[in-house]
Amino acid sequence: KRTLLPLLREEISSFIFPCKPALQRPELQYMVLELLRCIPLLLFLLFICGLDHFIFTILSIIQHHSFIEYSYQTSHHLSVNVMGTSLMAELLRSTIGALNTSFNTEVETSNFACLPQPTGMTRQQYLNTCLPLGVLALLCLAQVYPFRLRRAIAAFYFPKREKTRVLFLYNKLLRQRRNFLYLQRGRVARQARQQPGPGTLLLQWCRRHWPWLRRCLRQRCTLCGTAETPRHQPCPNPDCSALYCESCW
């Protein structure tokens with residue numbers, strides 16, 4: 001409507017324009033809330049990965065510093081010599097000579113089977129673990145664009161409801177603008193009653209005596225604070241140094 005356009009600077013920041021590719025203030029607030037909800041998942045994931053690395057480090061230390069190897073060697077030699085040529089000597093040699101034995105024993109063993117055999121996660125496995133959380137964060141950033149279609153879809157299926165919403169928004173903006181102008185008039189009146197500081201007086205004196213300094217010492221709009229442009233309008237009162245942008249004027 002002609003009574004509302006163009007929108008004020010404060011009003012523009014509270015609306016979402018679907019054709020703008022950049023993220024806007026209402027969308028940024030919702031997006032930040034969604035990203036904050038991902039922080040507990042991120043902390044939990046970091047805790048799990050850190051705990052996994054900590055346990056792997058401890059088990060690796062146990063594996064490398066608790067390894068014990070045993071080596072056992074023994075030799076056994078038994079020889080019975082019966083001297084003589086009598087019948088008894090021959091009989092003893094044939095019976096006791098069977099006891100002659102000789103063997104060597106060498107045994108090597110370790111506790112390798114009892115030690116833990118940890119396997120650390122590779123970089124690719126860590127990446128695959130963090131990938132779903134990264135996708136979730138990207139969806140939080142990209143979901144603002146599909147959400148812009150919600151109003152169009154609702155307006156297509158419920159046109160009467162859409163008309164009621166537009167009328168409500170129109171009346172709401174009229175009330176906000178009326179209250180906004182009332183509040184801003186009071187704020188400007190309070191600023192006018194205040195005595196300007198020495199810095200402000202020096203700036204005004206420089207602007208009056210050296211007009212070429214206006215490009216460097218630019219004023220700002222009294223209401224919205226936008227930098228001075230050729231379209232800004234000064235107050236017609238010669239005793240007032242207030243400056244207003246085109247929309248505020």
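This is a short tour of a predicted model, one selection at a time.

**Stop 1: helix α2.** Select residues 25-65. This is helix α2, with 41 residues. From first C-alpha to last it reaches 58 Å, close to the 60 Å expected at 1.5 Å a residue.

Now show side chains along α2. Which of its residues are buried? They are Glu-27, Met-31, Glu-34, Cys-38, Leu-45, Cys-49, Ser-60 and Gln-63. Add residues 123-142 and 144-147 to the view. These are α4 and α5, which are among the elements covering the buried residues of α2.

**Stop 2: an aromatic pair.** The structure holds 3 aromatic pairs. For one of them, select Phe-67 and Phe-112. Their ring centres are 6.4 Å apart and their planes stand at 80 degrees, so the pair is edge-to-face; the cut-off for that label is over 60. The pair links distant parts of the chain, 45 residues apart. Phe-67 sits in the loop between α2 and β1 (69-78). Phe-112 sits in the loop between β2 (101-110) and α4.

Are these two rings' residues buried, exposed or partly exposed? Phe-67 is partly exposed, at 41% relative accessible area. Phe-112 is partly exposed too, at 47%.

**Stop 3: a charge over a ring.** Select Phe-147 and Arg-150. Arg-150 lies over the face of Phe-147, at 4.4 Å from the ring centre.

**Stop 4: an annotated domain.** Finish with residues 219-249. An unreviewed UniProt entry places the domain "E3 ubiquitin-protein ligase DCST1-like C-terminal" here. Colour this stretch by secondary structure: it is 0% helix and 13% strand. Its end C-alpha atoms are 15 Å apart.

Terms used:
Residues are numbered from 1 along each chain as its sequence is written. This is a predicted model: local features need pLDDT of at least 70, side-chain atom pairs count only at pLDDT 80 or more; totals for chains, interfaces and linings use all residues. Side-chain values use heavy atoms; hydrogens and water are left out. UniProt positions are given in the numbering used here, feature names are shortened, and annotations may be inferred rather than shown by experiment. Helices (H or I, at least four residues) and strands (E, at least two) are DSSP runs, numbered from the N terminus. The expected span of a helix is 1.5 Å times one less than its number of residues. Buried means under 20% relative accessible area, exposed over 50%, partly exposed in between (1.4 Å probe, protein chains only). Contact means heavy atoms within 4.5 Å. Rings of Phe, Tyr and Trp (its six-membered ring) pair if their centres lie within 6.5 Å; planes under 30 degrees apart count as stacked, over 60 as edge-to-face and the rest as tilted. A charge sits over a ring if NZ of Lys or CZ of Arg is within 6 Å of the ring centre and within 35 degrees of the ring normal.
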